[in-house]
Amino acid sequence: MIFFKEVILGFRYWVIASGWCFFRRNVNDRQDDIERAKTEGKELTKEEKQRLRKEKKQQKKNKEKKDEKASQGSEKEKKSGSLAAAAPQPPAKSTTVKTPSAVPAPAPVSVPSSLEAPAPVDKPSKTKAELKAERRARQEAERASKPGKKGEPGQQAASGKQKAPPSELQPVIKRLPEHIQVDNPDVLKKLAKKLERQQIPLRLDYGYKVSLFSHLHQYSRKAPLTQQLSIPSTVIHPAVVRLGLQYSQGIVAGSNARSVALLHAFKQVIRDYITPPNEELSRDLVNKLKPYISFLNQCRPLSASMGNAIKYVKKEISNISSQCKEEEAKSKLLNCIEWYIKEKIILAAKAIAESSIEKINNEDVILVYGCSSLVNHILFEAFEKGRKFRVIVVDSRPRLEGREALRRLVQRGISCTYVLISAVSYILPEVSKVFLGAHALLANGYVMSRVGTSQIALVARAFNVPVLVCCETYKFCERVQTDSFVSNELDDPDDLMVTRNGKTQLESWQEVPSLGLLNLVYDVTPPDFVDLVITELGMIPCTSVPVVLRVKNVDQ
Amino acid sequence: MPGPYKETDLTERVEAFLSDLKRGGSGTGPLRGSAETARETTALLRKITAQARWSSAGDLMEIIRKEGRRMTAAQPSETTVGNMVRRVLKIIREEYARSRGSSEEADQQESLHKLLTSGGLSEENFRHHFAPLKANVIEAINELLTELEGTTDNIAMQALEHIHSNEVIMTIGRSRTVEAFLKDAARKRKFHVIVAECAPFCQGHEMATSLSKAGIETTVIADAAIFAVMSRVNKVIIGTQTVLANGGLRAVNGTHTLALAAKHHSTPLIVCAPMFKLSPQFPNEEDTFHKFVSPHEVLPFTEGEILSKVNVHCPVFDYVPPELITLFISNIGGHAPSYIYRLMSELYHPEDHEL
């Protein structure tokens, strides 16, 4: 009897499997064209992309027949308009995650390519043209009411990130960024598929990951993404390729530097952009930028400041009216980006320096950590204005960024002392103030900065030394975080190795199964360690960050 | 004549030991463990007792004090040398008192009652000659040596009382005592160890490789990440260079930060320190006993032109106040930091605090 049941089951699966193989054989010759096109590096034409989409939908359907799992919750229908050619997805189960970027949600993305509309799965019943028309209409309606809507529906609907919105507060519907879900194989599969579509190579994780951080990526610096790109690669603009390489090798580091470099690369992209026929600049350019952003994300996870800059650029692009001529539109965009850099970064630094100079007195001993461009700028300005102070630069392995700050300060003639972070409790009794830079300021008042910052703030608090954080407002971020584990970046673990007296203790760490190296990049400082935050809007306490964010959103 | 040869041989031994101490402290020679230093000091003192010429306990104490002063001057940061000298002095006093027949209670610290009733300080000048004194003292020193041999094992035996399974334990730098402690616990329990590497010497790397070879799940982190990962740590177990008389520590640099982080997260801080590390010094000012090594460990000479314009500090030790410490584990059991002063009074005589 058992034997009989097994045979029946086996038979059923064989039928489906053979049907699948059948289907694949028909599709194979079409696939060959597409493969050829990919290897030649040409961008897939729209028809080929649509064909790919259809085939994938069929494959998914066959899978669904095999799959006996009941779909949970409301099903999100992924509708792709003509503009979202890069992000098509078949009707998804609620466990799929949409094309992510590392931008912390909610992102008022001006390219809404998904709607929260539970719809039946029987797509084939409507024709494609009807669906397209429906989608277009819905998107126009949505764009008209854009200021009222915030964010995109999160895929983990079961985990219920929706809040019933009170009258003026926005609904907080967050989407989990992909880069903190590395332990979820579904998410990884989706990412791989998306990158394949965008023709960007997938970067592989390297080395043994500490179990506490298995949800984060860990890459090796010796295997940059650009090695896997074909030459010439016409999908990604060469300025962006160069930028990605600079990020992954650490040549461009520091959140201001990365944002400015990113914006300059975007300016180059816009200058070289030519609108294809029958396309609108406002929609097509945004689609062009998406693969670039994925590529940069693969090279190094995007920072909060970069995320905000990207949001701004996308918004400006989509606000270009279709009446605008191409040259005019392009120059307008270039001016917008120039304005952003000038106002948010350069002028903000000036304003912050002016307010901080009041806090620097003569005979002060100031402690700084690592290399923050903003803090360095403040110290230079104060020195120019004639304040007499000396600086203690604290540094830490393995990045040793403090040496760069030390060089710059010494060149200006400021008298400096240099110690490692383990000696900070020795040197703190001499210090009168601590100036720290920030990577991002989170909405619950925590300061996200280079790893080691929270330690310095802790020891400073124990010695009753005031801690001042300097941060421009464009780095303020809607995310909340309470510890340094859930969202962080893991750097190359090989950096921790050191050769002393000719011996490298950890040389063969990969071979020892129970040994792991952990090279964190960021940590979060609780607001009770920070006494003051200096921004271009003034000097505020750490807990006023959400107020500033709200004011900014109302302005926009 | 055997006499002078013995003496020159003895002085040679002492000189060799002194030069070893001087070299070992600069950080360039092989770093000796404190246990080794303690054992060698005690062996040397035994030799001095056996071979030097003395007639009464007072003479012997003078000789040992003189040698002890020379040894501590050679390497002031190596406090185990001075501690062993004081232990031996206390042994001599005890043996003398026992030979004289008086009970040991009389030699305890003078209480107010005793001062009032005895009517004046008792004159103890240790001038009496007792024939079996030499043998007794040597025997007592041998006992001390056996105790020293077994300290690490005694501490490691207590490991299972303090470590449960699935714990995350944090440590810093390299301590042989803590290594033995953790390896002993790992025989029966499974837990995870995070080692802070302790720049610039990065001794944490050695510790991590040794622990992982014993099958313990180990992670190496940079010093800067101590506070970041502290929230997931259940216990912090560290070794130390010296235990001070008030219950504070003089430990490798970075320990104060670790202790502050542990206090912030209310994580217990356990110090594994054998009794020979207990020193009768008090920390009157935090930086009166600092030790520095060459700053090229921190900023190497390859940095070139900025070197002459920059002050670079490379301190070796950190002071940790007793409020941040939860427990001391020593070869005679576990104690709170507030009990350390009492232990000290049992190990050393108050007149020996200043050698």
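# Notebook: chains A and B, contacts and salt bridges

**Entry 1. Asp494(A).** I looked up the surroundings of Asp494(A): leaving aside its neighbours within four places in sequence, this residue is in contact with Tyr206(A), Lys222(A) and Trp509(A). I note here that the model is a predicted one. Asp494(A) sits in the loop between β7 (467-470) and β8 (499-500) of chain A. Is Asp494(A) buried or exposed? Its relative accessibility is 12%, so I enter it as buried. With Trp509(A) there is also a polar contact, side chain to side chain, at 3.0 Å.

**Entry 2. Chain A as a whole.** I counted secondary structure next and have 14 helices and 13 strands for chain A. The chain has 556 residues, and buried ones make up 54% of them. I then took the contacts in chain A between residues at least 6 apart in sequence; 77% of these join residues at least 24 apart.

**Entry 3. The interface.** I turned to where chain A meets chain B. How many residues does each chain bring to the contact? Chain A gives 49 residues and chain B gives 49 residues. Ser422(A), Tyr426(A) and Arg500(A) supply 15% of the area that chain A buries against chain B, more than any other three residues. The area buried between the two chains is about 4300 Å², and carbon and sulfur atoms give 64% of that.

I listed polar pairs across the interface as well: 22 residue pairs are in polar contact, both residues at pLDDT 80 or more. On the side of chain A that touches chain B, at least two residues come from each of α11 (402-412), β3 (416-420), α12 (424-427), α13 (453-462) and β10. I sorted the residues of that side by type and got 32 nonpolar, 11 polar and 6 charged.

**Entry 4. Salt bridges between the chains.** The rule finds 3 salt bridges across the interface of chain A and chain B. One that I looked up pairs Arg500(A) with Glu297(B), the closest N and O atoms being 2.9 Å apart. Arg500(A) thus appears twice in my notes, being also one of the three residues named for buried area in chain A.

I also looked up Arg232(B) and Asp483(A), which form a salt bridge with the closest N and O atoms 2.7 Å apart. This pair crosses between chains: Arg232(B) is in the loop between α10 (226-230) and β4 (235-238) of chain B, and Asp483(A) is in the loop between β7 and β8 of chain A. Arg232(B) counts as partly exposed at 32% relative accessibility, whereas Asp483(A) counts as buried at 14%.

**Entry 5. Salt bridges within a chain.** Over all chains the count of salt bridges comes to 35. In chain B, I looked up Arg93(B) and Asp352(B), whose closest N and O atoms are 2.8 Å apart. The two are 259 residues apart in the chain: Arg93(B) is in helix α4 (residues 79-100), Asp352(B) in the segment after α12 (340-347). Arg93(B) is buried at 8% relative accessibility, and Asp352(B) is buried at 0%.

A further salt bridge joins Glu206(B) to Arg174(B), with the closest N and O atoms 2.6 Å apart. Glu206(B) belongs to helix α9 and Arg174(B) to the loop between β1 and α8 of chain B, 32 residues apart. Both partners are entered as partly exposed, Glu206(B) at 27% and Arg174(B) at 26%. I also found a network in which salt bridges that share partners join Arg221(A), Arg399(A), Glu401(A), Arg450(A), Asp491(A) and Asp495(A).

**Entry 6. Helix α9 of chain B.** Since Glu206(B) lies in α9(B), I looked at the helix itself. It runs over residues 203-213 and is mostly covered, with 8 of its 11 residues buried. Among the buried ones are His205(B) and Met207(B). What covers the buried residues of α9(B)? The cover includes β10 (515-518) of chain A, and from chain B β1 (168-172), α8 (176-186), β2 (192-196) and β3 (217-221). After the helix comes Gly215(B), with a positive phi near 90 degrees.

**Entry 7. Cysteines.** I searched for disulfides over all chains and the result is 0. Cys470(A) is in none; its nearest cysteine sulfur, that of Cys471(A), is 8.7 Å away. Cys470(A) is buried, at 1% relative accessible area. Why is Cys314(B) without a bond to Cys198(B)? The closest cysteine sulfur to that of Cys314(B) is the one in Cys198(B), and at 9.8 Å it is too far for a bond. Cys314(B) is likewise buried, at 2%.

Definitions and conventions:
Residues numbered from 1 in each chain as written. Chains lettered and ligands numbered in written order. Predicted model: local features only at pLDDT ≥ 70, side-chain atom pairs only at ≥ 80, totals over all residues. Heavy atoms only, no water. Buried < 20%, exposed > 50% of the residue type's maximum accessible area, 1.4 Å probe, protein only. Helix = DSSP H or I, 4+ residues; strand = E, 2+ residues; numbered from the N terminus. Contact = heavy atoms within 4.5 Å. Disulfide = S-S within 2.5 Å. Buried area = accessible area lost by both parts, 1.4 Å probe. Salt bridge = Lys/Arg side-chain N within 4 Å of Asp/Glu carboxyl O. Polar contact = N/O pair within 3.5 Å; in protein donor to acceptor, adjacent residues only side chain to side chain. Nonpolar A, V, L, I, M, F, W, Y, C, P; charged D, E, K, R; others polar.
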